[in-house]
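Reader: Please take one part of this protein and look at it closely with me, and then set it among its surroundings. I am in my first year, so please explain each term when it comes up.

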Amino acid sequence: MVSDIRLFVEPEFQEKAQHYSAVLSDRGVQVNLSVVEKINARFLRLNPELGLCVDQAGLWLCADGMKMQPDWKAEIPRLKRSSIKSEMIARACNLGEKPSLIDATAGLGHDSLLMAHLGAQVTLVERHPILFTLLEDTQKNAEKDSFLSPIVARIHLVFSDSADYLKQQAHQHNTVDVVYLDPMFPQRDQNQQAIKKQAQVKKQMQLLHLLLPEDGEMDLGNNLLILAQKIAKRVVVKRPRLAVFLAEQEPQHQWSGDACRFDAYFQQHVIE
């Protein structure tokens with residue numbers, strides 16, 4: 001996990017950058033602040049190493065000539081088109097019942113945003129301090145948008161390792177309706193040559209792959225499935241269509257599309 005990182009900022013946004021630096025420092029990340037004349041495409045190409053930058057839109061992750069932040073506002077058209085009937089994730093997570101739901105694999109938060117829009121009360125758990133700070137900043141920006149504001153009010157961000165969080169819920173005898181899992185790096189599943197032929201990962205995900213550790217992600221997903229089954233009435237795992245099952249557990253039900261599927265595990269007995 002990244003323990004130190006450069007943060008680039010133009011002079012007019014230094015105060016904002018110092019705020020982010022303090023927040024990240026409290027979360028265990030050493031930030032090296034660099035004031036630069038202009039952060040533009042040329043600057044990003046000349047500084048390809050993984051870093052952060054700050055502008056009027058807030059905090060960004062940057063590397064290899066690109067920059068990225070979770071863009072919840074860009075999801076608005078999809079949200080407006082979505083419905084319980086049209087979204088496979090809605091059927092898999094039983095969103096029509098407005099469930100309490102833990103998203104234990106936050107990513108950029110797009111699935112959580114959709115599930116909250118369709119009625120779920122979502123707890124979004126992220127362990128990486130930089131990604132969590134990006135998500136936190138994105139949520140604050142979304143609160144200012146009239147369409148997104150009531151949606152993000154149903155999303156509670158938690159800065160924690162997901163395994164630790166699920167163990168804590170079990171220890172406290174807390175239960176939820178759904179735990180949702182979308183493990184990173186599924187293309188590394190064994191015997192999945194078809195997955196390796198998929199289109200190049202979107203730019204946002206390319207940067208996310210640079211930030212997050214790849215080693216052990218499948219093991220992490222396997223572990224989370226087992227922990228989630230202790231507290232949830234339903235565990236839903238998003239997978240590439242041809243991927244192996246997490247923890248080699250065959251689900252009780254599947255919803256399959258062209259590119260992905262949702263594996264569901266229903267629990268008869270959870271902690272009361």
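**A helix and its surroundings**

Author: In helix α5, the residues H110, D111, S112, L113, L114, M115 and A116 are buried, where buried means under 20% relative accessible area, exposed means over 50%, and partly exposed lies in between, with a 1.4 Å probe and protein chains only. Since seven of the eight residues of α5 (residues 110–117) are buried, this helix is largely enclosed by the rest of the structure. Helices (H or I, at least four residues) and strands (E, at least two) are runs assigned by DSSP and numbered from the N terminus. Just after α5, G119 takes a positive phi of about 120°.

Before going further, please keep in mind that this is a predicted model, in which local features need pLDDT of at least 70 and side-chain atom pairs count only at pLDDT 80 or more, while totals for chains, interfaces and linings use all residues. Residues are numbered from 1 along each chain as its sequence is written, and side-chain values use heavy atoms, leaving out hydrogens and water.

One residue of α5, M115, also belongs to the largest nonpolar core, which has 57 residues and in which L7, C93, L101, M115 and I130 have the most contacts. Such a core is a set of buried Ala, Val, Leu, Ile, Met, Phe, Trp, Tyr and Cys residues joined through side-chain atoms within 4.5 Å. The element that gives the most to this core is α6, with six residues. Apart from this core lies another one of 21 residues, including I102, V158, A163 and L166.

From the cores we can turn to the sheet, which is open and has seven strands in the order β8-β7-β6-β9-β10-β12-β11, with mixed pairing; two strands pair if DSSP finds at least two bridges between them. At its edges are β8 (155–159) and β11 (253–256), each of which pairs on one side only. From one strand to the next, the twist averages 20°. Helix α6 (residues 129–142) packs on this sheet, touching β7 (121–126) and β8, and its direction makes about 155° with that of β8; axes are lines fitted to C-alpha atoms, for helices over the stretch in contact (heavy atoms within 4.5 Å), and angles run from 0 to 180 degrees between N-to-C directions. Helix α8 (residues 162–171) lies across β6 (100–103), β7, β8 and β9 (176–181), and runs at about 130° to β7.

Within the sheet, strands β10 (residues 232–240) and β12 (residues 260–266) run antiparallel and are joined by seven bridges, and the partner of K238 in β12 is F262. The loop between β10 and β11 contains L242, which is partly exposed, with a relative accessible area of 40%. Although L242 and C260 are 18 residues apart along the chain, their C-alpha atoms are separated by 7.8 Å.

Finally, how far can the picture be trusted? The mean pLDDT (the predictor's confidence in each residue, from 0 to 100) of the protein chain is 89, and 87% of its residues reach 70 or more. Over residues 186–201, however, the pLDDT is below 50, although this stretch has 22 contacts in the model beyond near neighbours in sequence. Where pLDDT is low, the predicted coordinates should not be read in detail.
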